[in-house]
Every structure is written in C-alpha cells, then in structure tokens.
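This report walks through selected parts of one protein chain. The sequence and the structure are shown below.

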Amino acid sequence: LWSNLAQMFGSPRVVRRGDIHPNSKIRESGHCMLLPKSTNDGNKNDDKSWDSGQKSGPNSQGWITITENSIRQSFDLTRVMFSRGNITEKIRFGQLVQPNEVILDMYAGIGYYTLPALIHGNALHVFACEWNPNALFALRHNIQDNCIEEDRVTILEGDCRTTVSGALDKARRVQAQSLSSDNGKDVYQDTLLLRGVDRISLGLLPSSEGGWETAIRSLRRDVGGWLHIHGNVPQSERNQWIQWVCIRLFEIACNEEEEEEEEEGERSRCNWIVIGTHVEKVKSFAPRVHHYVADIFVGPTLPHSLLHKNIDLKESKVGMILESEGRLSFVPSPGMVDPPSCALDKDGVLNQEWMMCREEK
C-alpha cells in the first residue's frame, strides 16, 4: 500500500503525521516513517532503540532539507519539529536584527531564528541554546552547510536557564583572570556575553515564560535590548497578554536587581522601562488561538528607534504602543492585569512543571 502511494506521488517516503505534546520538553516530532520502514514500531517512547540505534544525519531515513529565504534547513523529520507556517516570522526576524548585534536565541532548535539572524541580519554573534540532541546535530550541520563562520556562533548545549548562567559565570572568571586564556575565541565570546546581548529570541511554544528571568539578566545593562516573545494566545486575550507580559518583565527586572549585587556605575534595573511595540500574528494554532510574537523593549532609556514615538513615561514606565485611526500612541499599563489563560499555571491550561521550575542560580 505505502509503496503504491509513494509511486503515485513520486515520493521516496510516506510519513504518518503526528502531534507534538504540549508538555514535551524538547518539542520532538511525532511523525512516523511508514516507507522506508522505520526500525521502531512508531512509538518512540516505548522503543529503547530510538535514541541508541539509528542516528539522525544525512543518511538517516527521515533526513530532509528545506530551503526557505535562501537558507538551507536540514533535519530528521521524525525527530525534530518543523513548521512552514513560521516562514514569515523567520523573514521578519532577519530584518529586525541589525548588523553587529549580539543575539541570544534561547530555543534555537535547528536554527530557525539563529540562521536568519546571521545570514540576513548580519549579526555579529549568536549564542544559540538547545537541549534536543537531534536538533543540536541539525543545528551544527546547518551552520556549516550555510557557510557560516564558526566564530560567529556559540552553541550552549542544555537547558538555557542554566547554560546561559553557567556561561556568564565562566566569563566572569575569565575576566577576573585578566582575560588570561589560551583560547582567543573563548575570550572573545566571554567578552561579548559579559557586555550583554542586544536582542533575544524566545521562540518556544506554547510558552517561554520560564525563560524570562534568564532573558532579563542577559540584556545589556547600559542600553537594554529587545525581547521577541512567542506564545499561543487566545485571540480575544491578545492585548491582555501583551500588557501582562510587559508588567511581568518589569517585575522580574526589579526582583533580579534585588538578588544581584549592583556593581559600581551600573544602572539599576528597577528604573528600566518596558514597552511593547508590536504584536505579530504568525499563524493560527487552533480555533481562535493564534501564534503571536510580542516585540518588547526593556532597558534604561528609550532606544533611538522609539525616540520619535512621543512616548510620555511620566505616568508609567511600562506600557505598549497601539495604533488608533492610523496614529501610534503610547498606552501606559495599568498597575495590575489578570494573567491570561495561556499563562503558566499548575491548575491552568499550561501546567508544564519543568517550565515553571526556577532555574538554579
């Protein structure tokens, strides 16, 4: 049957479509290879040979290459998720990134946003975090396949909430030793990370809420930076979501300030501003639920791109820019906003225990 179906469509493969469990830590693909016959029985969780047997790679049965926006993206479709519906956001992110920016991609996958940042945004450097071993293999392959210089990317393998903190601690130790390292590349990367990053991609669905603390700590202390926060949000809660996210980020910034020893000459994060400038609809996720991306600036002063927006910060340091009758206006956030239904909650729709756990500091 599967051979006849493949021959009818001129395809070497037949794949049964699968879902990604919302509580999956690594967002693993649920697709199952029907032709050529997979070595497992279609249930990866019950097949112990799935990880220890046949490996991902150019010679594996599920390995494919998709070219979008002149970027080659290769991966094993039976082990790594991929959505063609994200193409417009990949293009947009590559356009938002400015030359010589330092980027942190906290959920890099196979390079969905890392690659556009480097190739089209001409980022100076990208710190790419990932913990799915099959996605890591594809990420390294795609960096090389797209002829990206090795010294423009640092891959942090593991939970981004701990690997970023670990990289920062290592960078501080190197700095304390007067940058006395035998590896010039490591010194260069440590210096970039200590300065802080300019822009952060938080491209995890259904929510990246557990990584917001790490994101705030990673921004530049002198000028701040941009967060691009993805989420699956009910359409009716769109504005409530962005207002709530901005308030939460401000609270996190103040809490982080209390827990850190402020170094001489550094600006207090409690005086930072948090402004949501845009909400992009990427695609429909479910009936009346959309995949949105919120562009949010967090920092001590307005960036140059917002200086002409007539933003009055006397009333509030937190708010969002809304368009009304063709004009943009700054709307201060109220003091309190009820969490949207898509907020992480042990009794709510999203009860991902692994995401709600605070990272070790």
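Beyond four places in sequence, Gln73 is in contact with Ile64, Thr65, Ile66, Glu68, Phe82, Lys90, Ile110, Leu115 and Asn142. Gln73 belongs to strand β4, which covers residues 71–76. The side chains of Gln73 and Glu68 are joined by a polar contact of 3.0 Å. The model is a predicted one. Its protein chain has a mean pLDDT of 84, with 82% of the residues at 70 or more. Over residues 40–53, however, pLDDT stays under 50, and the model has 18 contacts beyond four places in sequence for that stretch.

Asn232 is a residue of strand β9, residues 225–234. Apart from neighbours within four places in sequence, Asn232 contacts Leu205, Pro206, Phe285, Val289, His290, His291 and Cys342. Is Asn232 buried or exposed? With a relative accessible area of 7%, Asn232 is buried, because the cut-off for buried is under 20%. The table sets out Gln73 and Asn232 by strand and relative accessible area.

| Residue | Strand | Relative accessible area |
|---|---|---|
| Gln73 | β4 (residues 71–76) | 3%, buried |
| Asn232 | β9 (residues 225–234) | 7%, buried |

Asn142, one of the contacts of Gln73, is also one of the buried residues of helix α5. This helix runs over residues 133–145 and has 13 residues. From first C-alpha to last, α5 reaches 18 Å, close to the 18 Å expected at 1.5 Å a residue. Besides Asn142, its buried residues are Asn134, Ala135, Leu136, Ala138, Leu139 and Ile143. An α-helix has 3.6 residues a turn, so residues three or four places apart point the same way.

What caps the N-terminal end of α5? Asn132 does, with a side-chain oxygen 3.0 Å from the backbone nitrogen of Asn134. After α5 comes Cys147, which has a positive phi near 55°.

The nonpolar cores come next. The largest has 45 residues, and Leu227, Trp241, Leu249 and Ile296 touch the most other members. Helix α9, residues 238–259, supplies the largest share of this core, with 9 residues. A second, separate core has 28 residues, among them Leu77, Ala135, Ile143 and Ile148. Ala135 and Ile143 are also among the buried residues of α5.

Back in the largest core, which residues does Ile296 touch? Not counting residues up to four places away in sequence, the contacts of Ile296 are Gly225, Trp226, Leu227, Ile229, Ile242, Val245, Cys246, Leu249, Val274, Ile275 and Gly276.

Terms used. Residues are numbered from 1 along each chain as its sequence is written. This is a predicted model: local features need pLDDT of at least 70, side-chain atom pairs count only at pLDDT 80 or more; totals for chains, interfaces and linings use all residues. Side-chain values use heavy atoms; hydrogens and water are left out. A nonpolar core is a set of buried Ala, Val, Leu, Ile, Met, Phe, Trp, Tyr and Cys residues joined through side-chain atoms within 4.5 Å. Buried means under 20% relative accessible area, exposed over 50%, partly exposed in between (1.4 Å probe, protein chains only). Helices (H or I, at least four residues) and strands (E, at least two) are DSSP runs, numbered from the N terminus. Contact means heavy atoms within 4.5 Å. pLDDT is the predictor's confidence in each residue, from 0 to 100. A polar contact is a pair of N or O atoms within 3.5 Å; within protein, one must be able to donate a hydrogen and the other to accept it, and residues adjacent in sequence count only if both atoms are side-chain atoms. The expected span of a helix is 1.5 Å times one less than its number of residues.
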